[in-house]
Amino acid sequence: MSIDEILEQWQQDTKIDRTELGDEALNIPKLHHKYFQILVKEKMILRKQESEMKQLKLDKYEFLTQGPNEETKDKGWKLPPRGMILKGDIPMYLEGDQDIINLSLKIGYQQEKLELLDSIIKSVMNRGFLIKSAIDWQKFTMGS
């Protein structure tokens, strides 16, 4: 699920029907469940991406220190023009590796989704207070 899809769903779910505040209050657990389910699924995706990153870094490290093999040739990996590199230079090459950069960007995007979902869940948890305030305001304006 993309950030845009989550935001689109949240935009629909933020609407509160002022004429049915009781129903809206009863809807809070459903909203919490919905977004908590999404959060759990997205956390699992992040864990998978993080493990892929660890494996990719190990594979790239072995490639840079030991040279190409059949598997890395199939992946299209190539050593820098100067050939095998010194172990002290490996972190710099790993940081600049396009495969690692691309996976890092995917992980960053996934982390942004988790932060968004955390924020949405906090907002859902505060929804009861907002509905209670709206009910109190209606009572006040009606003279009760």
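Which residues are linked with D59 in a network of salt bridges? I looked this up before anything else and found E71 and K75 joined with D59 in that network. I note here that the model is predicted.

Entry on the salt bridge count. I went through the side chains for the whole list, and the count comes to ten salt bridges. I wrote up some of the pairs separately below.

Entry on K113 and E42. I found a salt bridge between K113 and E42, with 2.9 Å between the closest N and O atoms. K113 sits in helix α5 (residues 98-141) and E42 in helix α2, so this pair ties together parts that are 71 residues apart in sequence. Buried or exposed, I asked of K113 and E42? I noted both as buried.

Entry on K60 and D99. I then looked at K60 and D99, whose side chains meet in a salt bridge at 2.8 Å, N to O. K60 belongs to helix α2 and D99 to helix α5, so here too the link ties together parts that are distant in numbering, 39 residues apart in sequence. I checked the cover of each partner. K60 counts as buried, because its relative accessibility is 5% and the cut-off for buried is under 20%. D99, at 33% relative accessibility, counts as partly exposed.

Entry on E52 and K48. I looked next at a pair inside one helix. E52 and K48 form a salt bridge, and their closest N and O atoms are 2.6 Å apart. Why are E52 and K48 separated by about one helical turn? I put it down to spacing: they are separated by about one turn because they stand four residues apart in helix α2. I recorded E52 as partly exposed, at 31% relative accessibility. K48 I recorded as exposed, because its relative accessible area is 52% and exposed means over 50%.

Entry on the packing of α2 and α5. I asked at what angle α2 and α5 pack. The angle is about 165°, and the axes lie 9 Å apart. Angles over 145 degrees count as roughly antiparallel, and α2 and α5 are therefore roughly antiparallel to each other. I also noted the handedness: α2 passes α5 in a left-handed crossing. I set beside this the two salt bridges written up above that join these helices, K113 with E42 and K60 with D99.

Entry on the surface of α2. Which residues form a nonpolar patch with M44 on the surface? I found F36 and V40 there, and the three together have about 290 Å² of accessible area. M44 has its place in helix α2 (residues 21-66). I looked up M44 by itself as well, and M44 is exposed, with a relative accessible area of 54%.

Entry on distances along and across the chain. I took three C-alpha pairs. E24 lies in helix α2 and is buried, with a relative accessible area of 13%. From E24 to F63 I read 57 Å in space, C-alpha to C-alpha, for 39 residues in sequence. S2 gave another picture. Its place is in the segment before α1 (3-13), and S2 is partly exposed, with a relative accessible area of 23%. The C-alpha atoms of S2 and E42 are separated by 10.0 Å, with their positions 40 residues apart along the chain. I100 was the last of my pairs. I100 lies in helix α5 and counts as buried at 4% relative accessibility. I100 and Q37 are 63 residues apart along the chain, and I read 29 Å between their C-alpha atoms.

Closing entry. I come back to E42, which turned up twice: in the salt bridge with K113, and in the C-alpha distance of 10.0 Å to S2.

Terms used. Residues are numbered from 1 along each chain as its sequence is written. This is a predicted model: local features need pLDDT of at least 70, side-chain atom pairs count only at pLDDT 80 or more; totals for chains, interfaces and linings use all residues. Side-chain values use heavy atoms; hydrogens and water are left out. Patches are made of residues with over 30% relative accessible area and no salt bridge: like charges are joined within 9 Å, nonpolar side chains (Val, Leu, Ile, Met, Phe, Trp, Tyr) within 5 Å. Accessible areas come from the Shrake-Rupley method with a 1.4 Å probe; for residues, only the protein chains shown count as cover. A salt bridge is a side-chain nitrogen of Lys or Arg within 4 Å of a carboxyl oxygen of Asp or Glu. Buried means under 20% relative accessible area, exposed over 50%, partly exposed in between (1.4 Å probe, protein chains only). Axes are lines fitted to C-alpha atoms, for helices over the stretch in contact, and angles run from 0 to 180 degrees between N-to-C directions. Angles under 35 degrees count as roughly parallel, over 145 as roughly antiparallel, 65 to 115 as roughly perpendicular and the rest as oblique. A crossing is left-handed if the near helix is turned anticlockwise from the far one by less than a right angle, and right-handed if clockwise.
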